[in-house]
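Please look through this model with me. I have a few short points on it, set out for a first reading.

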Amino acid sequence: MGVREFVGKFIPAVKPKPVLSRQEALTAIPIRNPLLEWERTGDGELLLKVPVEQRSLLIRWAILAFRLPPVRHIQLDEIGAAVWELCDGEHTVESIVQQMCKRTRMSRREVEASVSMFLKMLADRRLVAFKRGGKKKA
């Protein structure tokens, strides 16, 4: 039992994270954050422009004082860019894995692990969200 589940027993506002089975995770549909801007660079990579959250007064002050840019740039390599483009709200994780298997020389197991970790990293940074219950799309 994790901390979140333990606290959730006593404080109903703290909901435990849902635990998905492998099949549910593969049928989930990743959707890009519509607030993000992104563009392809000339060398096949992709540049994400992530706005810096300016909720706290300290962050707003730091941006003004140090003349920090209000946008962070994240550069994805060719494979990351391909996965990012497939997060269009139509492809399931399973279909993304299948397409990446065709593009790379890795085994399905390696591709599935890599794509899952990459999508989890994007979700942790709130760059993508997931919709449940998708149908397979090849």
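The points below take up a loop residue, a surface patch and the cysteines.

1. Start with the status of the model. It is predicted. Keep that in mind for each point that follows.

2. Find Leu127. This residue sits in the loop between α6 (108–124) and β5 (128–131). Leu127 is buried, with a relative accessible area of 2%. That value counts as buried because the cut-off is under 20%.

3. What does Leu127 touch, leaving aside residues up to four places away in sequence? Its contacts are Ile31, Arg32, Asn33, Leu36, Leu48, Val50, Ile74, Trp84 and Leu122. Now compare Glu110. Leu127 and Glu110 are 17 residues apart in sequence. In space, their C-alpha atoms are 23 Å apart.

4. Turn to the surface. Leu58, Trp61, Phe66 and Leu68 make a nonpolar patch there, of about 490 Å². Look at one of these residues, Leu58. Leu58 belongs to helix α3 (residues 57–65). Its relative accessibility is 61%, so Leu58 counts as exposed.

5. How many disulfides does the structure hold? The number is 0. A disulfide is a covalent bond between the sulfur atoms of two cysteines. Take Cys87: the closest cysteine sulfur is in Cys101, 16 Å away, which is too far for a bond. The cut-off for a disulfide is within 2.5 Å. Cys101 is likewise in no disulfide.

6. Are these two cysteines buried or exposed? Cys87 has 1% relative accessibility, so Cys87 counts as buried. Cys101 has 22%, so Cys101 counts as partly exposed.

Methods. Residues are numbered from 1 along each chain as its sequence is written. This is a predicted model: local features need pLDDT of at least 70, side-chain atom pairs count only at pLDDT 80 or more; totals for chains, interfaces and linings use all residues. Side-chain values use heavy atoms; hydrogens and water are left out. Helices (H or I, at least four residues) and strands (E, at least two) are DSSP runs, numbered from the N terminus. Buried means under 20% relative accessible area, exposed over 50%, partly exposed in between (1.4 Å probe, protein chains only). Contact means heavy atoms within 4.5 Å. Patches are made of residues with over 30% relative accessible area and no salt bridge: like charges are joined within 9 Å, nonpolar side chains (Val, Leu, Ile, Met, Phe, Trp, Tyr) within 5 Å. Accessible areas come from the Shrake-Rupley method with a 1.4 Å probe; for residues, only the protein chains shown count as cover. A salt bridge is a side-chain nitrogen of Lys or Arg within 4 Å of a carboxyl oxygen of Asp or Glu.
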